[in-house]
Amino acid sequence: MSDMGSHNFPAARPLPQADEEDVAPAVATHAPSPTPKRSEGHKIGEVIEIAGSGSRIVMDAAVLTSLGDHPDKTITMAGQVGSQVKIRVGQTWLLANIRTQKLYEGQSGLIIAEIDFLGEGDEERLTGHIYNFRRGVTRYPVPGSIVYAVTTADLKQVYASDGRANVEIGTVYPTDDIRGALYVDSMLGKHFALLGSTGTGKSTSAALILHKICDIAPEGHILMIDPHGEYSAAFKTNGRLFDVNNLNLPYWLMNFREHCEVFVQSTGDAKQMDCDILAKCLLAAKAKSQAAQGVAKLTVDSPVPYLLSDLTNIIQNEMGKLDKSTNTAPFMRLKTKIDEIKADPRYSFMFSGMLVGDTMADFLSKIFRLPADGKPISIIDVSAVPSEITPTVVAVLSRLVFDYSIWAKNEPQRPILLVCEEAHRYIPNDDIAGESSVRDILSRIAKEGRKYGVSLGLITQRPSDLAEGVLSQCGTILSMRLNNDRDQAFVKAAMPEGARGFLDSIPALRNREIICCGEGVAIPIRVSLDTLAEEKRPASEDPLFSELWRDQGGEDEIIQRVIKRWRSQGR
């Protein structure tokens with residue numbers, strides 16, 4: 001570091017024209033053929049320190065300034081935080097991402113930058129361009145190695161598809177013509193998370209990615225939990241839409257723990273007593289079912305149809321026995337709650353008397369899109385589901401996905417993607433979470449789902465509220481702008497080393513810009529997302545107060561219609 005003043009870098013020079021950058025001009029035919037001239041590119045600095053995952057370089061500020069007017073937009077970004085540089089090591093180019101910058105205190109005009117290594121590509125003999133890019137570092141550079149600016153031509157090779165199935169979602173920043181793509185198999189095989197503060201275009205981005213996946217996989221199997229009713233408008237042409245009016249989720253598909261969440265309202269020792277009584281009576285009610293006759297090992301968790309009336313009658317009979325070791329209060333609590341739910345029209349989508357038939361095969365077929373019939377995505381709108389039962393409904397649907405994949409392990413594989421919007425509601429961290437079946441099943445899918453062909457997509461605006469470890473299970477992180485410092489720190493901890501340099505730009509991202517890193521991309525990239533057609537967008541537009549507050553008229557009719565829907569709990 002004592003010889004900083006001796007660093008001298010040549011002045012920047014413009015990119016040579018395509019027809020003269022690779023080979024020196026031809027000479028007369030009788031003269032010997034010249035040796036091909038290899039393009040060195042733009043030298044901007046040199047390596048001064050090497051570490052395992054990254055290193056430090058020194059750059060000439062005057063050279064970087066002179067590149068600011070270069071016609072290649074990638075070169076104009078040379079040296080900035082989040083941009084890439086390349087270093088030649090033998091016959092390969094090593095690509096690195098700039099994480100931090102600071103001015104060298106002892107020498108004006110020099111910039112010290114920390115870099116993270118991204119991967120390496122082979123060097124084309126004549127042109128010096130990069131090809132066959134792959135992650136990882138085989139051989140490190142040594143201090144003193146020259147650092148070059150990356151060109152658009154280099155990035156085209158780096159981001160070029162290697163033959164794997166991919167979906168293009170936008171344009172790589174800062175270029176105009178390099179397409180940013182996600183590798184579908186790698187992204188879905190190891191889960192993904194889409195993060196972003198409210199108003200950044202998160203819902204539209206999710207719709208864009210899912211539309212692209214549906215386009216290349218029209219016979220796919222995607223199940224999306226929609227808590228706000230936003231996505232029904234986006235997938236009305238290529239998806240099946242379910243809400244409280246047509247979901248028809250049979251109550252007997254719940255396992256015992258989910259039964260307890262719905263039917264048991266007590267706490268402490270009384271809760272355990274109520275659960276014990278429910279377990280005994282529930283097993284007896286299932287044993288009376290005809291569907292249970294062929295089940296060798298019937299348990300309280302077996303998805304066997306039973307009558308709610310049978311359950312309440314058995315509870316009533318147990319309460320009337322003289323040999324009971326407790327008072328009648330637990331029995332009355334259970335019976336009263338079950339009767340209350342049966343009579344409440346808000347619960348009819350799940351606890352209707354019409355749902356006692358053995359419709360499990362039909363239900364799984366329509367919800368999991370088996371077969372898809374060209375509509376590979378199911379949108380489950382739970383916005384009208386009573387709030388006290390919404391977590392249980394999401395738990396049942398999520399567990400059905402996981403259980404189906406476990407028991408279908410020896411069958412022809414049909415991988416399923418489960419997308420959970422507002423994921424922080426269902427997988428909260430330990431500080432704000434109580435016991436919850438939905439939290440446990442989604443956490444289990446995050447940890448084990450890959451083994452059984454279940455992919456998890458989490459969408460959230462508060463990643464710091466997610467359960468610890470769940471975000472780290474997501475192999476691909478798609479981050480939009482995050483304004484909260486706590487959220488930024490949480491995402492930084494989950495991002496791979498090579499992407500840390502992008503973290504500084506997360507608070508400064510524009511709407512519809514996204515940073516992609518992890519298994520789903522070749523290297524971390526910043527992408528300006530494509531514009532989604534109006535008919536494919538979710539119903540999540542922000543209201544225009546300045547315009548809507550100028551309108552008036554018809555308020556009386558509006559209020560009457562709203563009250564009617566409100567009272568009937570319909571939409």
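A polar contact is a pair of N or O atoms within 3.5 Å; within protein, one atom must be able to donate a hydrogen and the other to accept it, and residues adjacent in sequence count only if both atoms are side-chain atoms. Keep that in mind for the exercises below.

This is a predicted model, in which local features need pLDDT of at least 70, side-chain atom pairs count only at pLDDT 80 or more, and totals for chains, interfaces and linings use all residues. Residues are numbered from 1 along each chain as its sequence is written, and side-chain values use heavy atoms, leaving out hydrogens and water.

**Exercise 1. Find out where the model deserves caution.**

Step 1. Start with pLDDT, the predictor's confidence in each residue, from 0 to 100. Its mean over the chain is 84, and 89% of the residues reach 70 or more.

Step 2. Look at residues 1–5, where the pLDDT is below 50; beyond near neighbours in sequence, this stretch has 11 contacts (heavy atoms within 4.5 Å) in the model.

Step 3. Residues 10–38 also have pLDDT below 50, with 35 contacts beyond near neighbours in sequence. Where pLDDT is low, the predicted coordinates should not be read in detail.

**Exercise 2. Describe the surroundings of Asp-226.**

Step 1. Place the residue: Asp-226 belongs to strand E11, residues 222–226. Helices (H or I, at least four residues) and strands (E, at least two) are DSSP runs, numbered from the N terminus.

Step 2. Check its exposure. Asp-226 has a relative accessible area of 0%, so it is buried (under 20%; exposed is over 50%, partly exposed in between, with a 1.4 Å probe and protein chains only).

Step 3. List its partners. Not counting residues up to four places away in sequence, Asp-226 touches Tyr-231, Ser-232, Ile-379, Ile-380, Asp-381, Val-382 and Ser-383.

Step 4. Pick out the polar contacts. The Asp-226 side chain reaches two backbone nitrogens: that of Gly-229 at 3.2 Å and that of Tyr-231 at 2.9 Å.

**Exercise 3. Trace the largest nonpolar core.**

Step 1. Such a core is a set of buried Ala, Val, Leu, Ile, Met, Phe, Trp, Tyr and Cys residues joined through side-chain atoms within 4.5 Å. The largest one has 84 residues, and Phe-263, Leu-311, Met-350, Phe-351 and Leu-442 have the most contacts inside it.

Step 2. Ask which helix gives the most: H12 (residues 390–407), with eight residues.

Step 3. Zoom in on Leu-442. Beyond its neighbours within four places in sequence, Leu-442 is in contact with Ser-398, Leu-418, Cys-420, Tyr-426, Ile-427 and Leu-456.

Step 4. Now look elsewhere: a second, separate core of 47 residues includes Val-158, Val-167, Phe-192 and Ile-222.

**Exercise 4. Examine helix H14.**

Step 1. Test the length. The expected span is 1.5 Å times one less than the number of residues. For the 12 residues of H14 (437–448) this gives 16 Å, and the end C-alpha atoms are 16 Å apart, which agrees.

Step 2. See what is buried: among the residues are Val-438, Ile-441, Leu-442 and Ile-445. Their cover, together with that of the other buried residues of H14, includes helix H6, H12, strand E14, helix H13 and strand E15.

Step 3. Inspect the N-terminal end. Ser-436 caps it, with a side-chain oxygen 3.4 Å from the backbone nitrogen of Val-438.

**Exercise 5. Count the disulfides.**

Step 1. A disulfide needs two cysteine sulfur atoms within 2.5 Å. The structure holds zero.

Step 2. Take Cys-516 as a case. Its sulfur is 7.9 Å from the closest cysteine sulfur, in Cys-517, so the pair is too far for a bond.
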